[in-house]
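Trainee: I'm new to this one, so please pick a single part and take me through it slowly, with a little of its surroundings.

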Amino acid sequence: HSEALPQIAALDALDRAHLIHPVAPWRMHEARGPNILTGAQGIWLTDGRGHQLLDAFAGLWCVNVGYGQESVVQAAAEQMRKLPYATGYFHFSSEPAIRLADKLVQITPASLQHVYLTLGGSESIDAAVRFIVQYYNAIGKPGKKHFIALERGYHGSSSTGAGLTALPVFHRGFDLPLPTQHYIPSPNPYRAANPGDDQAIIDASVAALKAKVAELGADSVAAFFCEPIQGSGGVIVPPQGWLKAMREAARALDILFVVDEVITGFGRTGPMFACDAEGVDPDLMTVAKGLTSGYVPMGATLMSDKVYAAIADGAPKGAPIGHGATYSAHPVSAAVALEVLRLYEEGVLVNGQSVAPVFAQGLDDLMAHPLVGDSRHRGLLGALELVSNKASKAGFDAALDLPGRMAATSYRNGIVFRAFGDNILGFAPALTFTESDFGLMFERLKRTLDDVL
Ligand code: PLP
């Protein structure tokens, strides 16, 4: 119901001239121009032309509590009035940061006791890598410096994290991966040799991790990083039990187990964390996105007391551990996170769990569509994989640019989701979706699939 922005043409020109967009083809963007968003409420986005879009992707899988939560706005405003900034450097602190660290320790797996508050997911990964290097130097095992991650994994785009990320576009032209970064195959049930055999998929991942550690030498490997469900790699949902099996394998191999819950955390897959579903106790965990529901930037790196104590005691007496940023533990972000966590506990998490079967059914029903080869989901994280031949699972000629056409067509149909490069459509609706919101979402999604057919 909103008006088109009168200055939309001028903004469009200024964007093309000056604003560098994350993970965008720069020249193509200059030619194409931006989709300028001007407002949001509930599950709805409004663009600069007054067009309303149903957001089936919670921004960038982050706005788990939906748009327009007034209590979150209030929490930010009050904190800004009271204490808009407090450094966490040296020995300064602030109440929201302290309460948030305590709260995160309470709600994350029991193995995690210490919290470093960051600016987002990429910095959380980067901090985890730096702390792990400190840890092994501190315990007198300086040879353990190699990192193993999953093919198709995404761990942000910091200069170290982008190398743990296995998506080629984050490496090309950046001299990545580093010689210390290695990958094992992704546990992909749809593309597995025996798709129905969950145990074989789990066994293959465990065997691959063991083989990679043997190849590099047990004394050389620091850690295994993984997402419980790979997000940007195409929402790859491994069988139940996979995460637990990988955790046990890492323990047996004497390497640290780092779970990246930047997408899967805060109710996205059902429980508060994906680790909870399998009783997994990681050595380190990274979170962001749902922590603040995207209202302001913040992430966190959590670690066990064993890792923390080794780093703390490994430094020369009184010497600082040289890692930090001006905005670490920002009090406004922490105040927002505390309010967002309160909303999850007040009912948003339970709502997400109760509507998850509606989401799952809507995706599964689309298996009847001629373009859809696979439907996969856990909680409110899901994907459809489009194929040209359901029996052979063959994709589409890249020249067809199906993802590009899907993105453009869905926008016209008033729905936003993610169209990945290999014909995978990703969905991550806010945990506040109702049954009727899903009705509208699937109506628009089906129309979009029909339109591109
Ligand atoms: N890790 C995972 C699993 C992610 O999905 C992302 C972002 O999508 C990141 C890390 C990086 O987080 P950020 O974009 O907040 O830097």
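Mentor: What follows is a walk through one sheet and the helix packed on it, with a second sheet afterwards.

A word on the ground rules: this is a predicted model, so local features need pLDDT of at least 70 and side-chain atom pairs count only at pLDDT 80 or more, while totals for chains, interfaces and linings use all residues. Residues are numbered from 1 along each chain as its sequence is written.

Start with the whole chain, which comes to 14 helices and 15 strands. (Both are DSSP runs numbered from the N terminus: helices are H or I with at least four residues, strands E with at least two.) Its C-alpha trace spans about 65 × 60 × 45 Å along the principal axes. The radius of gyration is 22 Å, which agrees with the value near 22 Å for a compact globule of 453 residues; that radius is taken over C-alpha atoms, and the globule rule is 2.2 Å times the number of residues to the power 0.38.

Now to our part, an open sheet of seven strands. Reading across, you get β4-β10-β9-β8-β7-β5-β6, with mixed pairing; two strands pair if DSSP finds at least two bridges between them. At the edges stand β4 (114–118) and β6 (181–184), each with a single partner strand, so one side of each has no neighbour in the sheet. From one strand to the next, the twist averages 20 degrees.

Zoom in on β9 (residues 284–287) and β10 (residues 299–303): they run antiparallel and are joined by four bridges. One pairing to find is M285, whose bridge partner in β10 is L302. Then look for helix α6 (residues 121–138), which packs on the sheet and touches β4, β5 (146–150), β7 (221–226), β8 (256–260), β9 and β10. Touching here means that C-beta atoms, placed from the backbone, lie within 7 Å. The direction of α6 makes about 25 degrees with that of β10, where angles run from 0 to 180 degrees between N-to-C directions, and axes are lines fitted to C-alpha atoms, for helices over the stretch in contact.

Once you've got that, try the open sheet of four strands, β1-β2-β3-β13, whose pairing is also mixed. Its edges are β1 (37–41) and β13 (415–416); each has a single partner strand, so one side of each is left without a neighbour in the sheet. β1 and β2 (residues 44–47) run antiparallel, joined by four bridges, and G39 has T46 in β2 as its bridge partner.

Notes
Two residues are in contact if their C-beta atoms, placed from the backbone, lie within 7 Å.
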